[in-house]
Amino acid sequence: MSCMKSIFAVLLLAAIASIVPQAKATTVEVTIVGASAEWQTLALAAYSLAGSGAGHWTSASNVINVTDSRVNPVNVDAGTLWIVWNSAGTKVWSFTKVDSIVGTRCYFAQPQCSVNATLANLSGSGSNQISSAFWGSDTALPATVQSLFTTGVTTTAAATFERPEDAAFLTCRVNSQLGAGTYGGAASDGLDGLGYNSVNASGACPADGLGQSSGAYVGAPIKSGYPGSTATANVLAFNIKGKDPISGTTIPAFTVVEVGAAPLVFIIERNEGQLTNLTNASPSQLQQAFSGTNCDAAAFGLPAGAINIFINEGISGQGNVAEATEFRGPTVYTGSGTGNVLGLSQESNVYVGGVLNNPLAGQSGTCVNGLGARYRAIGSSEETKAVQNSAAKFGGFDGIGYGVFSYGNFSSIANNPNYGYITLNSVDPIFASYGPQNSTGLGYDPGQPASAGTLPGAANLPASCSGAFPCPESEIWAGGLSFPNLRNGTYSAWSDLRIVSSGTALTSSKALVKAAQEFAVSSVPDFVPFVKTTAGGVTDPGLLVLRSHYQQYDGAGTLIGAAPVNSGSTEAGGDFGGEVVSSTSKTTQLVQGAQGLQIRP
């Protein structure tokens, strides 16, 4: 070919290339892993931010891999995923719901966990896990988006019930020997460590750089006691600052974004007679049952009868809301053998006769008294399923469990008189009153089921919402604001919902949180927004109470995270079980101790 022909050919190819459309790069806005209580509202938030022509897709349940590659073989947790993309397919948001503490671990792990799945599990038009009333039906993933997730997308944010300090503490408690930590000493209840790793001293976080062969970083998986379930909660160490204990890689600084607050609700099957008349419980009654001290309806002042009691794993976010606020409580050890544990842990009587009952599945000795039994459920969905099938799967008896409220979380047992919820110290977790508000002369809240204690669902929404979502909080509650007893500080079992992130994903997370707070006011009130929020013509003042923060430490007394702060817009330290105080309070470190309300040492 002549030189002139070669030049012509090159110019022709360049001209052709200039008119062929170039593939547009896809930007992953944020990849969230964590708690289910935020899953639905953050999906709606992402869809609204994606703009006109956006698409969405949800996976089948628990077919998505959340892979922690710090260990060999890699650790995989199963999750359920939503993906949202804009009309051009150039922006992608996603959220894989697993347990809250798994999400925290996956964010702080270095390298961070990968979210991935097989092509088969990413194919099809979606599973419509979120009602089409909110955002229409799922559609198939674009090939470019599908390719991202078959390759794997890095976790860039965690959705949590707990501060990172609390998540680290809870992991160290599980990932250690059973017994009293050296800091608690004689004041301990013997449950500073729960026995899922024999290498680490009770409650103590492992040192960095010991190597995987030391056995210090991976505990025994916590198994499900639900019949036929293969679910497990995987126990892996992580740090929240300094270096990753396994890889040695430096952990970047993080920011916690407050989303809102949601109540923990004690739920029951009440169709078999044993718990039919249970409407209220005190913390001491709940402790008797959930600790295995008395597995009987008599623990609640009812006639004796076998009941089933369902507890979550020791690294469950919602399980530890119950543990910290109503069961064991935060420890108030002094390091000198004083500061006794006041409550009874739900992890009591799991280790019996030198044997760790894993799974906890009704074994002899795991209930000290009573005719009933205790069982382990892994994750929020299985906890609700266990209560739903208490009679059908567990010997024909009523059962009791718990869960962080959202309309999505309890949809399977909502608007069904065979199931229900109870008040705590006679305070309703959801509505202003447990049934008609006789004290004020008012009737039920507009979105409240007609039978007291029945869990609310879409079918119970008022006529002004045509009995379906979207429905604003102002139409569901007579007072115009959601969860009135959480807001006024009289209901004690609740936790903040949070996002933990950094970098460009933090910017995207903040935009999602703002939009989600607006949806919580105008469309699906799953939580109290953390800040003042105006949406749909309604102004919500936001959360006006908080949990006092305190210095978190492990079983050896080693400090975890920063010193406590709960002033203004700044927070640091643990707050699981912290005293409920006004959001304008400058007081820190308050918990219940032997002297009543006291500063946690």
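Buried here means under 20% relative accessible area. By that cut-off D540 is buried, and so is R487; both come up again at a later stop. The model is a predicted one.

**The whole chain**

Start with everything shown as a cartoon. The protein has 13 helices and 31 strands. Its radius of gyration is 25 Å, close to the 25 Å that the globule rule gives for 601 residues, so the protein is as compact as a globular protein of that length. Turn the C-alpha trace along its principal axes, and the span is about 100 × 60 × 50 Å.

Switch to a surface view. The accessible surface comes to about 21,400 Å², and carbon and sulfur atoms contribute 55% of that area. Of the 601 residues, 57% are buried. Among contacts with a separation of 6 or more, 71% are between residues 24 or more positions apart.

**The disulfides**

Select the cysteines next. How many disulfides does the structure hold? There are four. Counting bonded cysteines along the chain, they pair in the pattern 1-2, 3-4, 5-6, 7-8. Three of these links are visited here.

Go to C106 and C113, which are joined with an S to S distance of 2.4 Å. This pair counts as a disulfide because the cut-off for the sulfur atoms is within 2.5 Å. The torsion about the S-S bond of C106 and C113 is about -70°, so this disulfide is left-handed. C106 has a relative accessible area of 0% and is buried; C113, at 0% too, is buried.

Move on to C295 and C367, whose sulfur atoms are 1.9 Å apart in a disulfide. This link links distant parts of the chain, 72 residues apart. C295 sits in the loop between α7 (283-290) and β13 (308-312), while C367 sits in the loop between β15 (355-356) and β16 (373-377). The torsion about the S-S bond of C295 and C367 is -85°, and the link is left-handed. C295 is buried, with a relative accessible area of 0%. C367 is buried as well, with a value of 15%, which is below the 20% cut-off.

The next stop is C465 and C471, a disulfide with an S to S distance of 2.0 Å. Left-handed or right-handed? The torsion about the S-S bond of C465 and C471 is about 70°, so the disulfide is right-handed. Both cysteines are buried.

**Helix α6 and its link to α8**

Select residues 164-174, which form helix α6. Is this helix mostly covered or mostly exposed? Helix α6 is mostly covered, with eleven of its eleven residues buried. Charged side chains are included: E165, D166 and R173 are among the buried residues of α6.

Now add E323 to the selection. R173 and E323 form a salt bridge between their side chains, at 3.1 Å from N to O. R173 lies in helix α6 and E323 in helix α8 (residues 317-327), so that the pair links parts of the chain 150 residues apart. R173 has a relative accessibility of 4% and counts as buried; E323, also at 4%, counts as buried.

**Around R487**

Centre the view on R487, then show E473 and D540. R487 meets E473 in a salt bridge, with 3.3 Å from N to O. R487 belongs to helix α12 (residues 484-487) and E473 to helix α11 (residues 473-476), and they are 14 residues apart. R487 is buried at a relative accessible area of 12%, and E473 is buried at 0%.

Which residue forms a salt bridge with R487 at 2.6 Å between the closest N and O atoms? That residue is D540. D540 lies in strand β23 (residues 538-540) and R487 in helix α12, so the pair ties together parts that are 53 residues apart in sequence. As said at the outset, D540 and R487 are buried.

**A salt-bridge network**

For the last selection, take R163, E165, D496, R498, E571 and D575. Salt bridges that share partners join these residues into one network. E165 was already selected, as one of the buried residues of α6. A search of the whole structure finds 16 salt bridges, including the R173 to E323 pair and the two pairs at R487, with E473 and with D540.

How values were computed. Residues are numbered from 1 along each chain as its sequence is written. This is a predicted model: local features need pLDDT of at least 70, side-chain atom pairs count only at pLDDT 80 or more; totals for chains, interfaces and linings use all residues. Side-chain values use heavy atoms; hydrogens and water are left out. Buried means under 20% relative accessible area, exposed over 50%, partly exposed in between (1.4 Å probe, protein chains only). Helices (H or I, at least four residues) and strands (E, at least two) are DSSP runs, numbered from the N terminus. A salt bridge is a side-chain nitrogen of Lys or Arg within 4 Å of a carboxyl oxygen of Asp or Glu. The radius of gyration is taken over C-alpha atoms; the globule rule is 2.2 Å times the number of residues to the power 0.38. Contact means heavy atoms within 4.5 Å. Accessible areas come from the Shrake-Rupley method with a 1.4 Å probe; for residues, only the protein chains shown count as cover.
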